[in-house]
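Open the model in your viewer and keep the selection panel at hand. This tour goes stop by stop.

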Amino acid sequence: MSLARTAFFQAYKIALPTLFGMAAWGLVVGVAMIKVGLSIPLALGMTLLVYAGSAQLAALPLIAAQVPALVIFATALVVNLRFVIFSAILAPHFAYLGWAKRALLGFFSGDITVVLFIQKYPDPAYQAEKLPFLSGLLIPSWFAWQIGSVIGIFLGSQIPPSWGLGFAGTLAILCICLPLMQNRAA
């Protein structure tokens, strides 16, 4: 097996425990999009174009309240400022790539994938396996999010309000974070 394939599948194995939590969090956001009144096509468009659950959840009440688009955009931007930090963390590792490839990596990178990548590669020195390793984290995470979100979108209208789904977001975040706790400090 090539170095790239080995790195990709090693990352996939590392990311595997977090994928259920990603899908659960996507499901919660998918349901929320429908519950605020987005149509299925709009919700599907949002989940594909806005790969950021916290920004989606921050924007949804504003969309429901028919707040001006500039306020919704500004809110999502502020909520996602942490991605600037992620970019600063990853930039030294992938400075050799062109702007478009780095932007694509930035779009698909998320909280968990950056943490898992930095745990494996704290040194920014070039290593050929870094890009396939990061891809092995990003691709399964993106698919888990999309699958969960799409299921949430289609099931959202079927879930009665009496179920009180307020706790579901907390459970989804716990599913993502618990596998990362490898020692007492974590």
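**Stop one: a salt bridge**

Select Asp 111 to begin. At 33% relative accessibility, Asp 111 is partly exposed. Keep in mind that this is a predicted model. Now add Arg 82, which is also partly exposed, at 23% relative accessible area. The two side chains meet in a salt bridge, 2.8 Å from N to O. Asp 111 belongs to helix H7 and Arg 82 to helix H5, so colour both helices; the pair links distant parts of the chain, 29 residues apart. How many salt bridges does the count come to? One.

**Stop two: the whole chain**

Zoom out and switch to cartoon. There are nine helices and zero strands. Read along the sequence, the pattern is α-α-α-α-α-α-α-α-α. The protein has 186 residues, and 39% of them count as buried. Turn on contacts between residues at least 6 apart in sequence: 77% of these join residues at least 24 apart. Show the surface next. About 10300 Å² is exposed, with carbon and sulfur atoms supplying 74% of that area.

Colour by pLDDT. The average is 87, and 88% of the residues score at least 70. Where is confidence lowest, and where is it highest? The lowest mean, 59, falls in helix H9, residues 168-177. The highest, 95, falls in H8.

**Stop three: the largest core**

Select Phe 94, Leu 105, Phe 117, Phe 133, Leu 134 and Leu 137. These have the most contacts inside the largest nonpolar core, which has 21 residues. Helices H1 (3-35), H5 (82-90), H7 (111-120) and H8 (130-156) each supply at least two residues of this core. Apart from this core lies another, of 19 residues. Leu 19, Val 29, Ala 32 and Trp 142 are among its members. In soluble globular proteins, nonpolar side chains tend to be buried together.

Return to Phe 94 and expand the selection to its contacts. Leaving aside neighbours within four places in sequence, Phe 94 is in contact with Arg 102, Leu 105, Phe 117, Lys 130, Leu 131 and Leu 134.

**Stop four: Ile 118**

Move to Ile 118, in helix H7. Is Ile 118 buried or partly exposed? Its relative accessibility is 26%, so it counts as partly exposed. Beyond neighbours within four places in sequence, Ile 118 is in contact with Ile 89 and His 93. Draw a distance from Ile 118 to Leu 134, C-alpha to C-alpha. The gap is 9.8 Å, for residues 16 apart along the chain.

**Stop five: a nonpolar patch outside**

Bring back the surface and select Leu 27, Ile 139, Phe 143, Ile 147, Ile 151 and Leu 155. Together they form a nonpolar patch with about 520 Å² of accessible area. Which helix gives the largest share of the patch? H8 does, with five residues. Take Ile 139 as an example; this residue lies in helix H8. Ile 139 is partly exposed, with a relative accessible area of 41%.

**Stop six: helix H4 and its flanking loops**

Go to Gln 66, in the loop between helix H3 (53-64) and H4. Check its backbone: Gln 66 has a positive phi of about 55 degrees, although it is not a glycine. Most residues other than glycine have a negative phi. Gln 66 is exposed, at 71% relative accessible area.

Step on to Ile 72, in helix H4. Is Ile 72 buried or exposed? The cut-off for buried is under 20% relative accessible area. Ile 72 comes in at 16% and so counts as buried. Residues up to four places away in sequence aside, Ile 72 touches Ala 59, Leu 62, Ile 63 and Val 67. Its C-alpha atom is 5.6 Å from that of Ala 59, a residue 13 places away along the chain.

Finish at Asn 80, in the loop between helix H4 (69-79) and H5. This residue is also below the cut-off: at 18% relative accessibility, Asn 80 counts as buried. Show what surrounds Asn 80. Not counting residues up to four places away in sequence, Asn 80 touches Ala 52, Ser 54 and Ala 55.

How values were computed:
Residues numbered from 1 in each chain as written. Predicted model: local features only at pLDDT ≥ 70, side-chain atom pairs only at ≥ 80, totals over all residues. Heavy atoms only, no water. Core = buried A, V, L, I, M, F, W, Y, C linked by side-chain atoms within 4.5 Å. Buried < 20%, exposed > 50% of the residue type's maximum accessible area, 1.4 Å probe, protein only. Helix = DSSP H or I, 4+ residues; strand = E, 2+ residues; numbered from the N terminus. Contact = heavy atoms within 4.5 Å. Patch = residues over 30% accessible without salt bridge, like charges linked within 9 Å, V, L, I, M, F, W, Y side chains within 5 Å. Areas by Shrake-Rupley, 256 points an atom, 1.4 Å probe, with all protein chains shown as cover. Salt bridge = Lys/Arg side-chain N within 4 Å of Asp/Glu carboxyl O. pLDDT = per-residue confidence, 0-100.
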